[in-house]
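Q: Could you take me through one part of this model at close range? I would like to look at the contacts that hold its side chains together, and then at what surrounds them.

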Amino acid sequence: MPNLIRCVLFLALVPLGALAQEKECRKVVISADSDYAPLQWYDGKHLTGASIEIATIALAALGVPYEVRYVGPFHRVLKSAQQGEIDMISSLKDTPERREYLTYTNVALFANPIAVFVAKGRSFSYAGWNDLIGKRGGVTLGNQFGNGFDEFLRGNLQVEAEQKTYMNFKKLELRRIDYLITGYYPGLAYLATSGQSDSFVALKPYVSESDNFIAMRTSSPCIKHLKALNLQLENMRREGKLQLILDKYIALLPKRAN
């Protein structure tokens with residue numbers, strides 16, 4: 001049998017994940033949503049935040065080289081993972097669509113509440129999802145919310161997507177939308193930074209509250225470190241380090257405004 005045919009047959013029979021592990025993992029390229037403080041954000045020079053610190057501390061403890069890389073808005077981060085340009089996303093929700101190309105850690109980093117923000121003085125009666133029907137909403141491109149809300153949104157709500165959270169707050173200010181759906185913490189972070197904490201308010205109850213995880217590209221050669229990464233994250237969780245790191249970055253939010 002010619003060598004070329006043998007090679008084609010081998011590639012057809014070996015799972016993609018197994019091929020990835022055969023390649024050399026020179027370093028783990030990490031990225032994340034650049035507009036999701038305090039979990040992670042881009043400060044103009046670097047990606048920083050709680051999830052970035054957790055991912056780099058864990059990899060450093062394992063002796064695995066890494067690079068933190070800013071690639072743009074969150075939808076670009078997801079595309080970069082799909083195209084093999086990055087190996088790890090340091091914090092995101094676990095969804096079936098993303099599992100097509102990502103493998104998640106077993107250990108959740110944080111609970112991630114999702115809130116409805118409105119302009120102060122232009123609130124409306126809100127007790128749950130149905131109260132958003134018939135109103136104009138805004139979301140950030142690439143965000144997913146979990147717990148069935150994504151399906152409800154697609155089937156029932158009128159929303160417009162923008163690349164950055166600040167764009168949606170501007171649309172709220174200009175009355176082009178009635179509400180904004182975004183992470184509770186990132187919403188507060190933006191308002192603290194922009195000095196607009198008195199101009200907008202988050203409604204209760206939350207739209208949803210689910211966990212965020214670290215995920216690795218399934219086809220990455222660095223996926224071989226996932227088991228050890230899980231053990232390291234579990235140790236950090238048990239010792240209370242995950243919460244301490246998150247609390248540190250939450251405390252920094254008011255300082256970002258100065």
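How many salt bridges does the count come to?

A: Happy to. Please keep in mind that this is a predicted model. The count comes to 15 salt bridges, and a few of them are worth visiting one by one.

Let us begin with K248 and E53, whose side chains meet in a salt bridge at 2.8 Å, N to O. K248 belongs to helix 9 (residues 241-256) and E53 to helix 3 (residues 50-62), so this pair ties together parts that are 195 residues apart in sequence. The two partners can also be told apart by their surroundings. K248 has 40% relative accessibility and therefore counts as partly exposed. E53, at 19% relative accessibility, counts as buried, because the cut-off for buried is under 20%.

Next come two salt bridges that each stay inside one helix. In helix 6, the side chains of K170 and E173 meet at 3.7 Å, N to O. These two residues are three apart, about one turn of the helix. K170 counts as partly exposed, with 42% relative accessibility, and E173 counts as partly exposed too, at 40%. In helix 8, E234 forms a salt bridge with R238, and their closest N and O atoms are 4.0 Å apart. Here the spacing is four residues, again about one turn of the helix. E234 is partly exposed, with a relative accessible area of 26%, while R238 counts as exposed at 53%.

Salt bridges can also be joined up: K27, E67 and R69 are linked in a network of them.

Helix 6 deserves a second look while we are here. Spanning residues 165-173, helix 6 has T165, N168, F169, K171 and L172 buried. Viewed down the helix axis, these buried residues fall within an arc of 155°, so they line one face of the helix. After helix 6 comes R175, which has a positive phi, near 65°.

Now for a covalent contact. A disulfide is a covalent bond between the sulfur atoms of two cysteines. One disulfide turns up in a search of the whole structure: C25 and C222 form it, with their sulfur atoms 2.0 Å apart. C25 sits in the loop between helix 2 (16-22) and strand 1 (28-31), and C222 in the loop between strand 12 (200-217) and helix 8 (226-238), so the pair ties together parts that are 197 residues apart in sequence. The link of C25 and C222 is right-handed, with 95° about the S-S bond. Both cysteines, C25 and C222, are buried.

To finish, let us turn from contacts to empty space. The second largest pocket holds about 160 Å³. Its lining includes V139, T140, L141, G142, N143, Q144 and F145, and among the other lining residues are D150, L153, R154, V159 and A161. Strand 9 (136-140), helix 5 (149-156) and strand 10 (158-162) each supply at least two residues of this lining. Helix 5 provides the largest share, three residues. Sorted by class, the lining of the second largest pocket has six nonpolar, four polar and two charged residues.

How values were computed: Residues numbered from 1 in each chain as written. Predicted model: local features only at pLDDT ≥ 70, side-chain atom pairs only at ≥ 80, totals over all residues. Heavy atoms only, no water. 1 Å grid on protein atoms, 1.4 Å probe; cavity = no way out; pocket = protein on both sides within 12 Å on 5 of 7 lines; lining within 4 Å. Points joined across faces, edges and corners; volume = space filled by probe spheres on them. Nonpolar A, V, L, I, M, F, W, Y, C, P; charged D, E, K, R; others polar. Disulfide = S-S within 2.5 Å. Buried < 20%, exposed > 50% of the residue type's maximum accessible area, 1.4 Å probe, protein only. Arc of directions from axis to C-beta.
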